[in-house]
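Dear colleague,

Please find below the structure that I am handing over to you. My findings follow directly after it.

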Amino acid sequence: MNLDYAPQCVPAPEPDPTKPRVHYLNHAYGWLSWLFTVDHKRIGILYLVTVTIFFAAGATAAALVRLNLLTPTSELLPLDAYNKAFTAHGTVMLFLFLIPVVPGVLGNFFVPMMIGAKDMAFPKINLLSWYIFMLGAAFFLWTLLSGGIDTGWTLYPPYSSQYSHTNVLYAGLGIFVAGFSSILTGLNIIVTVHKMRAPGMTWNRLPLFIWAMYATSLIQMLATPVLAVTVLLLAVERVFGIGIFDPTLEGDPILFQHMFWFYSHPAVYVMIIPGMGVVSEIITCFSRKNIFGYAAIAWSSVGIAVVGFLVWGHHMFLSGQGYYMGMLFSFITMLVAVPSAIKVFNWTATLYKGSITFEAPMLFSLGFIALFTIGGVTGLYLGVMGTDIHLHDTYFVVAHFHFTMVGGMMLGWQAGLHFWWPKMTGKMYSDFWSRLSALTICFGFFVTFIPQFIAGYNGMPRRSPSYAPEYQILNVISTAGAFIQGIGYLMPVFYLTGSLIYGRPAGNNPWRATGLEWQTTSPPPQFNFDETPIVTCGPYEYSLTSDDVYKHIPVPSTNGVHTGKEGVHA
Amino acid sequence: MSYADPHDPAAAAENYANELQHPPPQIGYLATVYAVLVGFLGLALIVGFTDFGEYQGLKVLCALGVAGTQAAVLALYMMELRKADRVTALAAGAALFWTSILFGITLTDYFTRHLGAI
Amino acid sequence: MSAAAHHGSDYHYAHHFDSLGQQQSTVRFGMWLFLVTEVLFFGGIMSAYTVYRTMYPDDFEAGSAALNPLAAILNSFLLLTSSLTITLGVRAAFDGDIAGLRKWLMATILLGTAFLGLKANEYYTDVKEGLVPTKAEDVIEVAKSVTVNGHDTIVYDKVRSSVFARKLEHVLKENEHEQLFEKCNPYRVQLFFLFYYCMTGLHVLHMVIGLGLLVWQYILAGNGFFNFKERYVYVEAMSLYWHFVDMVWMFLLPLLYLAGPHSFDHLSL
């Protein structure tokens, strides 16, 4: 069999469709087989279901905020309810959706498959981390049901520690607990990548998604503990009425901001690097070209992870932090733009003269590149101290981080979900509706957030329920765009769910992709591969034929271990 | 850890077999390390109970130096970091590196905050 | 060649590994990475401590001088010894000496429990002496001599006074460090005590979790879990955690207990 691309290992034959097949979804049935599973694929599905629910919750809060902003005088919500609505939107979307979504779902499901392992390094800890995540989510639910919190997701003391009359303690506990889930997932992925790779899967043959997940996990593992201890100290102050950020004891509330942003700035890269990894996979696959600048993209992920730890103070230019510190942070912030730009240039170069097709994953990915670039470049306005003084705490900031987080991560997540859905479920979704969803989301996104850049540049403050009347037209456009986006997000719920029942079988490798995960059957068998894959080439050999690659490879040794299928080498 | 021959699973197994060649240390060795650690505890107490007068800053540095050395001995000789593979050493180094970022940048702000204003 | 044949035992590593060596190195590396996260966890609170320590050195010394370091010194010794005993336990597990493993695990558990006992007693003493941060204020009467109509007379002014400040003054006087009280701001000393309780509290929490795991391994050893020598690596992972907890204490001793001036005359439990 000669293929016009070179997969990383010998593909498994298509199973006989007339015979029933045992795979990870049907080898055991019942609720308990899901709740006590240690299979990374099933845990990935558990994350998929739960984060989708949390996304719906966060989106509902967003809808409330946008509806309230239709009029300049806050007609819909009481003032304190508005504070609670945007805080609920921020906390739920960040801690329960954006941070766990790609590591939890796609990371869990595909990191072992893409490196040719049977499971994560610590399957039980993997399940534990989902339960811990659910416990954290329960604290958030409790917070929301007991009246919500109104501090903003940043929880700055002394407001959050002593003066807020809302349930900051439970929200803090939710962040603390969900953080441990994040730590354990990150730890598991790093150990898996180091110790569980299939024979032949050298570091330079790792798919870029793996590099991105590795960099993400590094951040999760190193930054989250600091947030945990910070929130704990906040909780002490909240419970006992006295604490180390307390200005009446000559404590320094800005110290909280330092410790908080030591986590939370790297955490915004947790919310973008996985999306970059997904896009790197998809751009090359749908351009039918090897990725341009593999090493540059791989190491720029790690570079973002490391340099991302050095720039947190750009959130604090106006907080009272030192002037020279601000200059230093501003300078390093310019540096962190470099690895992001490297990625964008390499994706563009990959597209150049590729045989591009526009299936839904590719549309989402192209949307990602466009929106993330705008989000990234406007970030530089905010990283420069002079302009930040003007733009700080305006809708310009809101638009900027939504361009990176929604335009970046949300589209990256949708791209990944659509790309790997046929592998996860074995079913193909509607081509028409998926493309329409991608276009609707991108269009709605522009309509929502471009007006916010204009409003923010002209001085409309963020987090304020009422605003000067001249901003109303921009806000009405923005709210309309938000609802167009909402329709776009609802579509996959229907056509993806529908595909489970009505979808046509996807086959092992519907996109003719090269990664290991595509060389096994769909849905994958319980232990991912019927035989341990032996990796023979780099991850993106789309422009070589399989004969080109295999004819140069010696037949593997046959001393009693798996050898793969020798047939193709003959 | 990369495999010697990327197409040969047997080579991979060999690689990991080496991991078993590090049995935990014997009692004599451990007793020596323990004695050294207790010695450092004594040193820490000497520093702690000495009155440095107006050089309190020096006392802090001495005390932390003793504690750091003691911790390093514990890590290298009792936790066997000395014999660990490269990636474990890298992990330990990463812990130190990121902790130094946390301390270094945060403290830099407090040391320079009074220096200038806009 | 399977790993089982390599070692002449029936032990089977977990399904998702290719060799025993892979499984063992994975367990070891996993624990090391977990300790990296722990370093950052304690690093967070220690960096906050360092910020205040550099801003308010006199006040932190006064706070430290009010503590009684004897229990902490004994505890340092206990923890160091327990680090030795658990490593001996690893050796016993590696050699398949189950009785020895149980003996050393029990020794570690006892040393750890003794640590917690001393620590509890120390907390009790601290609370009894009133060294607990609080914003509570009492109204007290302060004697003041004034001259009324040419006569010197004493009047009593009612002033609000911090409960903590008076307790701190009392303890520092008992330790013969009144001069430190003159130099310090009692509000800032409360920051020191907040760090004292939070840092030692987190350390105690780690000790309690570690003791729970030790007891679990002790029971497992009794049930024959460690009859497979290959499972010694779990004791080794446990020992890594325990060493780390010891290592944290090595820094807490100078940062909290020995930061201020102390003399041997006032040591007590």
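In this predicted model, chain C places 45 residues in contact with 43 residues of chain B. On the side of chain C that touches chain B, helices H2 (20-55), H3 (57-66), H4 (70-95) and H9 (232-257) each supply at least two residues. H2(C) provides the largest share, 17 residues. By character, this side of chain C comprises 25 nonpolar, 15 polar and five charged residues.

Two of these helices, H4(C) and H9(C), also meet each other within chain C. Their axes come within 9 Å and cross at roughly 165 degrees. An angle over 145 degrees counts as roughly antiparallel, and H4(C) and H9(C) are therefore roughly antiparallel to each other. The crossing of H4(C) and H9(C) is left-handed. On the H4(C) side the contact includes Leu79(C), Ser83(C), Ile86(C), Val90(C) and Phe94(C); among the residues they meet in H9(C) are Val235(C), Ser239(C), Trp242(C), Asp246(C) and Trp249(C). The residues of the contact between H4(C) and H9(C) divide into 13 nonpolar, seven polar and two charged.

A further point concerns chain A. Helix H12(A), residues 360-383, has 24 residues. From its first C-alpha to its last, H12(A) reaches 34 Å, close to the 34 Å expected at 1.5 Å a residue. Of the 24 residues of H12(A), 18 are buried, so this helix is largely enclosed by the rest of the structure.

With kind regards

Methods. Residues are numbered from 1 along each chain as its sequence is written. Chains are lettered from A and ligands numbered from 1 in the order in which they are written. This is a predicted model: local features need pLDDT of at least 70, side-chain atom pairs count only at pLDDT 80 or more; totals for chains, interfaces and linings use all residues. Two residues are in contact if their C-beta atoms, placed from the backbone, lie within 7 Å. Helices (H or I, at least four residues) and strands (E, at least two) are DSSP runs, numbered from the N terminus. Ala, Val, Leu, Ile, Met, Phe, Trp, Tyr, Cys and Pro count as nonpolar, Asp, Glu, Lys and Arg as charged, and the others, Gly among them, as polar. The expected span of a helix is 1.5 Å times one less than its number of residues. A residue is buried if 20 or more other C-beta atoms lie within 10 Å of its own, exposed if 12 or fewer, and partly exposed in between; C-beta atoms are placed from the backbone. Axes are lines fitted to C-alpha atoms, for helices over the stretch in contact, and angles run from 0 to 180 degrees between N-to-C directions. Angles under 35 degrees count as roughly parallel, over 145 as roughly antiparallel, 65 to 115 as roughly perpendicular and the rest as oblique. A crossing is left-handed if the near helix is turned anticlockwise from the far one by less than a right angle, and right-handed if clockwise.
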